[in-house]
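Visitor: I would like a close look at a single strand and the strands beside it. Please take one part of this model and describe it in detail.

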Amino acid sequence: MQQTENSLDVAIGILAMQGAFAEHQVMLQKLSLKRHIVIVLVRTSEDLARCDALIIPGGESTTIALLARLAGLLGPLREFVKKKPVWGTCAGAILLAQAAEGTKKGGQELLGGMSVTVCRNGWGSQVESFEAPLEVESLRDPDRPFHGVFIRAPVVLSLNPSPTDPPMQIISRISTSLLPHSQTIVPSDEDDTDPRDPRTIVALRQGRHLLTSFHPELTKDDRFHEYFVRECVLSSLS
């Protein structure tokens, strides 16, 4: 972890309670940007207070929320989400949601921040994980597909913005032809080919926040990390 900070540094935290936080750290270290990135592995409220932005990794959303509560971090995280950029991948996307379905008994503690309802494990169980090429116009080299890794991925069920919420921007959708188990969420009497269907959304931005239902950190492609830093983090600091 980088330690030295100055006024030109950008401190990006990674919630390091459980899940793929080390993989996100490696990806951030690969970036070559004009601003120096200080990486903070966040386990305490003091760690969080150092950060200009935060990444919530993939893992097990219920476990991450429980460990955050035990560490006294849930309240500080909810306040952080209101003010600074946050990117949630897979489990992190669930925690960033306004509401979640398909949760374990007892429900799911959420941080909010994005006006969406998601379905936990919406594409199926661990054995139904899959990979697919994604078209993402907002990334560097947009003609090159991004390799999406979906592991017990959440599904976006609905977009619920209020008139006062930041605008929502769909960054990427997945073609239903690439979904090996789309029947797990699409009833047989529904049309699953409608491109307006929110369930095809796999990357979404709202204001400073970014949600991806897949795991960019499990690839060798740093373009989503670059996008988050350039478009969500640095733009909020300028």
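Guide: In this predicted model, strand S10, residues 168-173, pairs with strand S11 in the antiparallel sense, and five bridges join the two. One of the contacts across this pairing can be named by residue: Ser 172 has Ala 203 of S11 as its bridge partner. S11 itself spans residues 201-206 and is mostly covered, with six of its six residues buried. Burial here stands for a relative accessible area under 20%.

S11 also pairs with strand S12, residues 209-212. That pairing is antiparallel as well and runs over four bridges. Within it, Arg 205 is matched with Leu 210 of S12 as its bridge partner. The link from S11 to S12 is a hairpin, with two residues between the strands. In that turn, Gly 207 has a positive phi of about 60°. S11 is thus bridged to S10 and to S12. As a general point, side chains in a regular strand alternate between the two faces of the sheet.

Apart from the strands, the structure holds two cavities of 30 Å³ or more. The second largest has a volume of about 40 Å³. Its lining has nine nonpolar residues and no polar or charged ones; among them are Leu 15, Ile 56, Leu 95 and Leu 111. Helix H3 (61-70) and helix H4 (74-83) each supply at least two residues of this lining. The largest share, three residues, comes from H3.

Definitions and conventions. Residues are numbered from 1 along each chain as its sequence is written. This is a predicted model: local features need pLDDT of at least 70, side-chain atom pairs count only at pLDDT 80 or more; totals for chains, interfaces and linings use all residues. Side-chain values use heavy atoms; hydrogens and water are left out. On a 1 Å grid over the protein atoms alone, a cavity is a set of points where a 1.4 Å probe fits but cannot get out, and a pocket is an open set with protein on both sides within 12 Å along at least five of seven lines; lining residues have an atom within 4 Å of a point. Grid points are joined across faces, edges and corners, and a volume is the space filled by probe spheres set on the points. Ala, Val, Leu, Ile, Met, Phe, Trp, Tyr, Cys and Pro count as nonpolar, Asp, Glu, Lys and Arg as charged, and the others, Gly among them, as polar. Buried means under 20% relative accessible area, exposed over 50%, partly exposed in between (1.4 Å probe, protein chains only). Two strands pair if DSSP finds at least two bridges between them.
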